[in-house]
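Visitor: I'm new here, so could you walk me through this structure and explain the words you use?
Guide: Happy to, so let's take a look together.

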2 protein chains.
Amino acid sequence: MEKATIKDVAKAANVSIASASRALNGVGRISPVTKDKILRAARELNYVPHFGARSLIRKKTDIFGVLLPDLYGEFFSELVRGVDTAARASNYQILLSSYHNDAKETKSAIAAMRGRVDGIIVMTPYEFGEITYSDVIGAPIVQISSLNNHGGTPIIAIDNFQGAKIATEHLLKQGYKNIAHLSGPKVNMEAKERLNGYLDAIKNICPEKIYEGDFREESGFEIAEQIASDVKAGIIDAVFVANDMMAVGLINGLKEKKLKVPDDIGVVGFDNVPIGRYVTPSLTSLGVDMSQLGKKAVEILNLLVNGKPNSADTNKLVVFTPHLFERESSIKPE
Amino acid sequence: MEKATIKDVAKAANVSIASASRALNGVGRISPVTKDKILRAARELNYVPHFGARSLIRKKTDIFGVLLPDLYGEFFSELVRGVDTAARASNYQILLSSYHNDAKETKSAIAAMRGRVDGIIVMTPYEFGEITYSDVIGAPIVQISSLNNHGGTPIIAIDNFQGAKIATEHLLKQGYKNIAHLSGPKVNMEAKERLNGYLDAIKNICPEKIYEGDFREESGFEIAEQIASDVKAGIIDAVFVANDMMAVGLINGLKEKKLKVPDDIGVVGFDNVPIGRYVTPSLTSLGVDMSQLGKKAVEILNLLVNGKPNSADTNKLVVFTPHLFERESSIKPE
DNA sequence: TTAATTTGCGCAAACGTTTACGCATAATAA
DNA sequence: TTATTATGCGTAAACGTTTGCGCAAATTAA
């Protein structure tokens, strides 16, 4: 039951180590009959190639690293699912890690992956200044980030600006007149971009009105009081909320204030979290297929690692524009 | 920018490879001043130890494998989060993979991890017959499974039987008289155990009434028609549903049939998915803290890998009994 | 037949580490 | 002073693979 090495297999099959290796890998010249003998012996001994030894000489690990800000929620699990599926299809495994939303920890998390992976997918909603990832890690990187972060590494971006614009325009199209925005935390780039998309959409149409939140559900709930009073004052009649969880909190808060969504106030969220389909009223939102996005990330990484380094690829920018999921919270009656 | 090896570091610092290694690892005898010189050189060269070479000689990878049935939903992301946190705390990384709910794929998924991990956490809601995992992988295993699956490997189990019993008894305590059960697929052990818990709870109290579902939301929605008619016929007045997603589907289906939950019929789910808090009426459910469970799994695996193999540990059985989360769907009025 | 080519296989180097061992030199004890 | 012990460091083996090279035997061509 001690782990068998290729040496053991070779001995059992009465051949040299070299032949054993050739048989096991199906490369090089070897006669069918000895090959068979070797494979049989390997099975018999329950032989498993030593991963480290192999990666040592092959100079690759067949592992992709995936580094996420956090592991909360359906959002990330969808992404990971897409990555896993695509990675497996190209015979890669995934080494998963999160940096617990602590931007400072990102570097050390990346460092921990160095040498263990052939490439890395990292999701960074924050700004990172001057770090060139390939320096830090010595392996190709695909970043999942925002448009503004484009600086030499391939990036897959969700077009938050465009999405926010679509959201806001949807509210306008529904007949709402005074659209406000409930934003995310200022340090978050996605939050910024969504804010800008909102601003762009209402320009010359209605006055801007911005509430600042922090992406958490409670934050939406708490701001409801102020928003409710502004609605009653006739200042606003709809809100584009920077993410769904805040929108959910907001809707619950508005309920407490006896305001009706979407009658008294229209609400659109962002992210299209599954919960959105189940709340009452169901939540109109914008989102991309994260699983698809994960797949794309693997695809690009694969190219970077295994293809010839075409500069068009290494500088790639892939944009996913969020899709509008129209539900009840934004359907203005009458 | 070519990857520096320890040899390069040694050369740059004008010492032997052995000294470099000692300095880098902080073991063995070495003078502070040379150590400093070496560390400086290493930093300068951006040195990263080659993972494969290291694991080759150390005979360990510092990686734990995590193998899940699937990657859908908050359920798993919570588990992974717990595992990640605990693993990182003990300096392990995690290699994540799913077998796509295809029991047959489990073995090959395990095989793919062989040699790459020091231990593995595998979640198996299915029965697996005669497989002894340690044979298959040659590394310690912690299984997350059900009580019945206890066969020599350490297991962390959710006590589905007990949970189901608690759920059913809760409905009885609320004053519902004829409790039915909407079950999961028969091949699923958790489904079986929940069914048994239900049966045990109603024994000698009310007649059994079982609907068979398949854990999917649609399945709950579809069965609603039949359940609604049985409610109207006065045959049942509450359902313990084998998982939350079906319960959500069921509630929506019942709404269409103009039945009021919890007034006309009480509903309790299982799993305590986050969505449950947001549906209307909010869903009473049973669940364990999956993140905590993941933490526990790592803890045991750590013991198995690094501790002395105490037989009390290798045969460990840790039971998590689900906790009742009382919400609106089961609160009988008056 | 002989010459040329192909096939099957083994030898040994290389990948980048860690670590037991031994040998100088320095520090301490007598 | 000399004998003992402690310290700092280098040499080399070992970990388990893959693969270029070379050689004998078998096959094919002439």
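**Contacts with the DNA, then the cavities**

Guide: This is a predicted model. In it, a polar side-chain atom of Ser19(A) lies 2.7 Å from a phosphate oxygen of DNA strand C.

Visitor: What makes that a polar contact?

Guide: The cut-off is 3.5 Å between N or O atoms. The 2.7 Å at Ser19(A) is within 3.5 Å, so the pair counts. Ile6(B) passes too, because its polar backbone atom is 2.6 Å from a phosphate oxygen of DNA strand C.

Visitor: Which part of DNA strand C does Arg22(A) approach with a polar side-chain atom?

Guide: A base nitrogen, 2.8 Å away from that atom of Arg22(A).

Visitor: How do you know which residues are around DNA strand C?

Guide: A residue is near the strand if one of its heavy atoms lies within 4 Å. There are 28 residues around it, and Ser16(A), Ser19(A), Thr34(A), Ile6(B) and Ser21(B) come nearest. Sugar and phosphate make up 57% of the strand's atoms that come within 4 Å of the protein. Helix 2 of chain B gives the largest share of this surface, 5 residues.

Visitor: Why is Leu71(A) called a lining residue of the largest cavity?

Guide: Because lining residues have an atom within 4 Å of a cavity point, and Leu71(A) is one of those listed for the largest cavity. That cavity holds about 90 Å³ of space. Helix 5 (73-89) of chain A and helix 5 (73-89) of chain B each give two or more residues to the lining.

Visitor: What classes of residue make up that lining?

Guide: It has 9 nonpolar, 2 polar and no charged residues.

Notes
Residues are numbered from 1 along each chain as its sequence is written. Chains are lettered from A and ligands numbered from 1 in the order in which they are written. This is a predicted model: local features need pLDDT of at least 70, side-chain atom pairs count only at pLDDT 80 or more; totals for chains, interfaces and linings use all residues. Side-chain values use heavy atoms; hydrogens and water are left out. A polar contact is a pair of N or O atoms within 3.5 Å; within protein, one must be able to donate a hydrogen and the other to accept it, and residues adjacent in sequence count only if both atoms are side-chain atoms. Helices (H or I, at least four residues) and strands (E, at least two) are DSSP runs, numbered from the N terminus. On a 1 Å grid over the protein atoms alone, a cavity is a set of points where a 1.4 Å probe fits but cannot get out, and a pocket is an open set with protein on both sides within 12 Å along at least five of seven lines; lining residues have an atom within 4 Å of a point. Grid points are joined across faces, edges and corners, and a volume is the space filled by probe spheres set on the points. Ala, Val, Leu, Ile, Met, Phe, Trp, Tyr, Cys and Pro count as nonpolar, Asp, Glu, Lys and Arg as charged, and the others, Gly among them, as polar.
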